[in-house]
Amino acid sequence: MDGCQVNDNQVDMVEVAEKLVSYSQEVMQKTEEDPSDIASQEQIYQDMEAEFQDVMEEDTLKDVQIKIVTFIMNELSSYSLPVTIQSVSIEEGDSQVLTVKFKDQNQKQGDVILRMQENNGKISYVGVYGK
């Protein structure tokens with residue numbers, strides 16, 4: 001599975017950013033539907049791990065599952081789910097800054113801004129931009 005790989009040594013960070021927002025939204029929706037259904041929430045984290053294990057360093061993936069998903073869920077909490085991703089822009093530099101713009105069910109627009117770094121063909125850092 002190489003869904004997020006552009007070629008052998010470059011990760012498609014735009015796709016990764018989109019999927020992080022999507023997975024975070026899935027966790028929120030499952031939690032809202034049935035807070036006691038931990039198995040469904042756990043399945044989303046397992047799917048995320050399977051999706052990203054080839055494009056993220058192991059420590060980075062664990063960090064993403066704990067901190068970044070929580071951050072994105074907090075960012076999405078004031079929107080009517082599900083949100084629809086409108087665009088993802090990437091700003092190159094020492095690290096890539098990705099802005100995921102979205103619109104919710106009430107057409108309210110928002111964004112999530114992440115910073116990512118790649119090392120030897122794998123994402124070695126994902127953080128919250130400006131935090």
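**Close-up views of a predicted model**

**View 1. The largest nonpolar core of the predicted model.** Of the 36 residues in this core, those touching the most other members are Val-16, Leu-20, Phe-52, Ile-72, Leu-114 and Met-116. At least two core residues come from each of α1 (13–33), α2 (38–52), α3 (58–76), β4, β5 (109–119) and β6 (122–128). In soluble globular proteins, nonpolar side chains tend to be buried together. Ile-72 is in contact with Leu-20, Val-21, Ser-24, Val-112 and Leu-114, leaving aside its neighbours within four places in sequence.

**View 2. Helix α3 and its kink.** The helix α3 has 19 residues. From its first C-alpha to its last, α3 reaches 26 Å, close to the 27 Å expected at 1.5 Å a residue. A kink of about 40° is centred on Val-64. Val-64 is also one of the buried residues of α3. The others are Thr-60, Leu-61, Gln-65, Ile-68, Val-69, Phe-71, Ile-72, Met-73 and Leu-76. The buried residues of α3 pack against two helices, α1 and α2, and against the strands β4, β5 and β6.

**View 3. An aromatic pair between Tyr-23 and Phe-52.** The model has 2 aromatic pairs. In the pair shown here, the rings of Tyr-23 and Phe-52 are edge-to-face, with 5.9 Å centre to centre and 80° between the planes. Tyr-23 belongs to helix α1 and Phe-52 to helix α2, and the pair links distant parts of the chain, 29 residues apart. Both residues are buried. Phe-52 is also among the core residues that touch the most other members.

**View 4. An aromatic pair between Tyr-79 and Phe-102, with Lys-108.** Tyr-79 and Phe-102 are edge-to-face, 4.9 Å centre to centre, with 80° between the planes. Because Tyr-79 lies in the loop between α3 and β3 (84–91) and Phe-102 in strand β4, the pair ties together parts that are 23 residues apart in sequence. Tyr-79 counts as buried at 18% relative accessibility, and Phe-102 counts as buried at 1%. The charged end of Lys-108 sits over the ring of Tyr-79, 4.6 Å from the ring centre.

**View 5. Thr-99 in strand β4.** Thr-99 has its place in β4, which covers residues 96–103. Thr-99 counts as buried because its relative accessibility is 13%, and the cut-off for buried is under 20%. Leaving aside neighbours within four places in sequence, Thr-99 is in contact with Ser-87, Val-88 and Ser-89, and with Asp-111, Val-112 and Ile-113. Val-112 is also in contact with Ile-72.

**View 6. Backbone details in three loops.** Most residues other than glycine have a negative phi, and most peptide bonds are trans. A cis peptide bond joins Leu-81 and Pro-82, with omega about 0°. Pro-82 lies in the loop between α3 and β3. Gln-107, in the loop between β4 and β5, has a positive phi near 65°. Gln-107 counts as exposed, at 51% relative accessibility. Asn-120 is in the loop between β5 and β6 and has a positive phi of about 55°. With a relative accessible area of 75%, Asn-120 is exposed.

Methods. Residues numbered from 1 in each chain as written. Predicted model: local features only at pLDDT ≥ 70, side-chain atom pairs only at ≥ 80, totals over all residues. Heavy atoms only, no water. Helix = DSSP H or I, 4+ residues; strand = E, 2+ residues; numbered from the N terminus. Buried < 20%, exposed > 50% of the residue type's maximum accessible area, 1.4 Å probe, protein only. Contact = heavy atoms within 4.5 Å. Core = buried A, V, L, I, M, F, W, Y, C linked by side-chain atoms within 4.5 Å. Expected span 1.5 Å × (residues − 1). Bend = angle between axes of the 7 residues up to and from the residue. Phe/Tyr/Trp six-rings, centres within 6.5 Å; stacked < 30°, edge-to-face > 60°. Lys NZ or Arg CZ within 6 Å of the ring centre and 35° of its normal.
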